[in-house]
Structure formats: structure tokens, C-alpha cells
Amino acid sequence: MRIVLNGLEKSFLDPSGNRRRVISAISADIAPGALVAVTGPSGAGKTTFFNLVSGLFLPDSGTITADKTELTALSERERDRWRAKEVGYIFQTFNLLSDLSIIDNVVLPHILIGNGAKGDLEKRAEESLTALGIGDHLRKYPHQLSVGQRQRVAVARALLVSPRIIIADEPTANLDDASARIVADAILTLRGRSTVFLASHDGRFNAVKPDHTIALGGEVSPCVR
Amino acid sequence: MRKVNALLTLVFASLKGRLFATTVSILAVAAALAVVAVTGIVSFAIAKQAFESGQKYPFIVAAEGASETQIILSTIFHIDKPRGKIPFDTYESLKKDPRVTTAFPIAMADSIGVFPIIGTDGAFVKDIGATYRGDIALADPHDAVLGATVARQLLMDIGAEFTGTHGMGGSADEAHEHAGHTYTVKGILDPTGGPEDAAAYTSYKAVWAIHAHGEHHEEGDHHGEDHDRYHLSDGMLTAVMARTANPVQVFDLQQEYSRPGLTTVNTANAVRSFQKYFNTAGLVATFFAGLTLLIAAALILAITLMALDARLRELALLRILGIGRGAIALLIMLETLIVTVAGVLLGFLLGHGIPALFAKAIGALVGASIEPWHIGANELPAIIGALLLGQAVALIAMLRAYHMNLVEESGKN
């Protein structure tokens, strides 16, 4: 999916009531299947940027266009539907629903969103979880899994319906080496099929040259491609 | 449909995840409604019993000094003590009165275990209308007829013998056994669910015989006003119950028998004030149940809002995944509604199921036949009130969830 960012600006009121600009003048033309590295120090606005790209927040100014859809012109409900269909999220913290079983964590949000039939989604989820090495834990609950296993569940959920945009926010942080390798491989194999936005300090990703780098904290990289 | 199923899976998973809070909320609603239901059932049973008795025994004469309610509780329900004695000729005079179709003597002075012994005659026992085993004529002063609960609890059958204890459930130091007069069980009434289940019937002549000369108590063992009240010597009764051919004649009888030493009761009139008393008691109980319901609603609201704050991250996750505000608000609303509806259902089951399970015991306790599935006048409004309160709580929680910027709020934590 081609993503065009045009002059994105976003500011928030900080706790003392002062307006703080978090995203400033970001423009980029991102080709379908590109790997986009999002860099910047902690607090630079990476999460805000991801929330803008996914249509969760609207920018104060500027536009986001995904293929022919101008995201910033859609209503909240339309953006919800678009995000549900097109975006897969992998967070630093795994963000699983603690009261649901592993299989339900992967499948249920997609059923609610209307991304497919239960039987079909469950079959794909089982395959995906098995491929990620946690096929034996389908009926367990998140607290029964290790940190690395939980992140793999989050990866399975994000990739279940082959979204055209993947947002990976520090996906391997706090993971053991084996789990980090599995998660990193899963994300990198998507390059070329999905547009991947990746923020990570993990050295495993250093060897991979991104198609774009969006540096937050004041500077914006030029469009490479 | 699959979206609804998925939503319900989420709702029940969340409720299960907060099992303690969910259980407390459901129990709070259930307890309030069960109180309303039980109050309605008992009030109805007592009112019905009083009403039927009012029709069956429209005129009662008892001793002066007793209130109409006390007389009804003692003569009809057998759950209060008689307040004094009246001469036997009151009975004889009523029996001969052409306006009176039937009159029954009542002499209550003793008890067997916790059950009162009603001194009367065979005609009264027959007039109860219960089916029975054995003989209920009370032809001999040693004959006794037992109510079903008495026979069951005291493990007595026809032919069993017992002696009465002086007094009507008074303090232990007032009570003493009438060892000199042994009763033989001649008949046992089948269960009726009414006050007769928890009473034993003997001849009033037996009561006289026991108290006139049959017992010589040791000095100082049981004296005072209470003892004197139960000391029914020859020619004394505690009440007379009568039936007239025409209800209007009760007013005439009341005027004629309103004389020193006697209290007359127009049962139909008394039952109305009696019902008013129970209605008031029912209203008080309903008020407290309503209060409990309000507390339950506040509790559910507090728990829901606290849970909402605690679950910000999870709800924010659902938003990020593309689940709309409406669906999340619906999720919160459904959780609250399910708790309320579960509380209402459990309250209904407890409020009617417990009386159904213990109908006989409760019936014996209140002296009236229990209809456990009767829905009292206050119950339906209480159920509707609980559901409306639940709906209001759900709406508040839903609006809060809808207007929260979950992603930003979760980021603050």
C-alpha cells in the first residue's frame, strides 16, 4: 500500500497546560511493501506518529493518503474500519486481552471487526501460532505464557489477515534471544508484501537497510524512493 | 451474529476475569429482590389466611385487654399468647344464640414442645376441614389430635402418649410439666400448610381438669400474672370463635357482647387493619430492599467505573485494533446489564425458591399456607426498578467509555 504523508503536524497539551508539538512537518511518499524505519529518542513522538499513520489520531494539519484513500478526510468510524482491515499492530508490550485464551486473543478482535468467519480465522490462527512455535498453547491464557511467547501471540494477531500495513513499535524489546529472532524474522519476511513501519533499537534490524527512515525529534528524512 | 457471539465472549470473559466484583454485584441485587419477594409471599400468605379465617370465624370473643391483632394472632394463627380468660357461659350463650350457626370454645394454656395445645372440641377440629388419620372427635379428656408438623417433628403417631407443659412458650422457669395428665394421640391431621399444622388439639375439659385440681405446684416455682393467665380452672376459656348466618349480625353481636371482661372482634374488620399492619411492614421491608438496591446500583457503578479505569489499556487496544467506540461502549453496557439481569434472576430464584423449599417450615412459623411462587404487589416494581437502575448504571458507564479517548488515557498510565 502506498502511503503519502504530506506536512503532518501534531501537538498535545502537556500536563502543565502548555501545547507541545510532537510531530512537525513530516512528508514522505512511501511505496507499497517498503520498510520504513522510524527513529528518535524516547518521547520523540514515535507512538503518536504510528497512531497518525493508522488513522487513530488525526493530525492538526497535513494529510495522509493510503493508496487512493485520504485517511484524514474519513470519519472516525471509517478510519476504524480502514484500520481494522489494513493495519496490523505489534507493540513493545504485547497488549493481549488477559481474560481471553490465546486463540481468542488472536481471532476474536478480527471477528468483531468483521475480518472473516470464525472457523476460517481459527484455522489460520492455529497455523500461524504453530509456525511461531506456540501451537501447543492455544487454550492457555496470557499469564500462563512467557514474555516471548506472548509477543509471538501478538505477532500472530497482527498478521492474521495479511494487513497491507504493519506497525511494529519496539517489537523485540524485552524478549529473550530466541523469541526476538522469531519475531524479527516474522516481521522482515513481510517486506515487499506489506508496508512495514518499524521502530526498534534491536541490533538485529541494523543489518537491514530500510527503504525510508523517518527520524522524529525535529528532523525528517527526505523521501528516498 | 458471529459479531454478537464474539462480543458476548468478550463480555463474559471480562466478567469472569473480575469474578469477585461480579459476584458481589449480582448478590447485592439478588439479596434486595429476594427480600422483596419473600416479604410479598409471607404477607400474602398471612393476609390470605386472615381473610379466609375472617370469613370462616367472623366473630371472636376474648378477654378484655387484648388487642384485635393479638386475639387474631392467638386464636387464628396460634403464634401469640392469649391475654386472659373469659367465662364458659359466653360460649354457651353464643351457641344458643339463633344468629350464630356455630360456636367453638378455645382454651389455650399449655404447649407440647414449641407447639401450642388448643383446648377445644371435636367439632372445631372437624371444622378445620383437613383430611386426617384416626379419630378427631376428642370424646375423652385424654384424647389428642396432632397437626402434621407436630407429629412429624415430635416423631409421634397414633397411640403415642404425651404430657403438656404449662404455658405458651414462656420462659423456662415459668414452664412446668403437667405430668399428672397424659394425652393419647387419637388422630393426626394431614398437612394443610396452615396454622393447624403446628398445633395440638385436646378437649377444653382436659385443660380444665389439668388446671383445676390435677396439678399441685411446688411453692414458688411459677407464679405471677403470666401463670394466672394460663391457669384455666373449671368454666374458663381464652376465646370463643363463632360463625353467623348473616355477616351483618356480627355488628349486633359485637354490641351485645361488648361488656366488662370481654373484647369482641369483628374478624373481617380486624383483618383489614391487620392487613394494613402487614402492608406497612411490607412497605418498610420494601423500603429497605429499595435502599439495598440503590446501594447495589452504586456498587455496580463504582465497580464498573473502576474496572473501566483498570482496563484502559485493554480497551485502548481494542480501539487500536479497529473496534469502534460504539462497540466498546456496548461491551461495557452489556457487562453491566448482564450483572443486573443475573442479579434479578438470582433474586427471583432465591426469593421464591427458598420459600418453595421451606414452604412447610415457613408456613408453620407464620401460621399460614405459603404460596412460594406468588408475586407480591411490590415485587414487579422492584424488579423493574432494578432493571431500570441497571440500565441507568450501564448508560453512565457506556457514556464514559464512549467519550473516553482510550488511547490517550491509556498512554497516561
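These exercises work through a sheet in chain A and the overall make-up of chain B in a predicted model.

**Exercise 1.** Give the strand order of the open sheet in chain A, and find its edges.

*Solution.*
- Step 1: Take the order. The open sheet of 5 strands runs β6-β7-β8-β3-β9 in chain A.
- Step 2: Check direction. The pairing is parallel.
- Step 3: Look for strands that pair on one side only. These are β6 (87-90) and β9 (212-215) of chain A, the edge strands.
- Step 4: Add the twist. From one strand to the next, it averages 15°.

**Exercise 2.** Describe how β7 and β8 of chain A are joined.

*Solution.*
- Step 1: Locate the strands. In chain A, β7 covers residues 165-169 and β8 covers residues 195-199.
- Step 2: Count the bridges. There are 5, and the two strands run parallel.
- Step 3: Pick a facing pair. Opposite A:Asp169 is A:Ala199 in β8(A).

**Exercise 3.** Place helices α1 and α5 of chain A against the strands.

*Solution.*
- Step 1: Start with α5 (residues 147-159) of chain A. This helix packs on the sheet and touches β6 and β7 of chain A. Its direction makes about 175° with that of β6(A).
- Step 2: Turn to α1 (residues 46-53) of chain A. This helix lies across β3 (35-39), β6, β7, β8 and β9 of chain A. It runs at about 165° to β8(A).

**Exercise 4.** Summarise chain B by its elements, burial, contacts and surface.

*Solution.*
- Step 1: Count elements. Chain B has 15 helices and 12 strands.
- Step 2: Assess burial. Of the 413 residues in chain B, 54% are buried.
- Step 3: Sort contacts. Among those in chain B between residues at least 6 apart in sequence, 80% join residues at least 24 apart.
- Step 4: Split the surface. Chain B exposes about 18100 Å² of accessible surface, and carbon and sulfur atoms account for 62% of that area.

Technical notes
Residues numbered from 1 in each chain as written. Chains lettered and ligands numbered in written order. Predicted model: local features only at pLDDT ≥ 70, side-chain atom pairs only at ≥ 80, totals over all residues. Heavy atoms only, no water. Helix = DSSP H or I, 4+ residues; strand = E, 2+ residues; numbered from the N terminus. Buried < 20%, exposed > 50% of the residue type's maximum accessible area, 1.4 Å probe, protein only. Contact = heavy atoms within 4.5 Å. Areas by Shrake-Rupley, 256 points an atom, 1.4 Å probe, with all protein chains shown as cover. Pairing = 2+ DSSP bridges. Axes fitted to C-alpha atoms, helices over the stretch in contact; angles between N-to-C directions.
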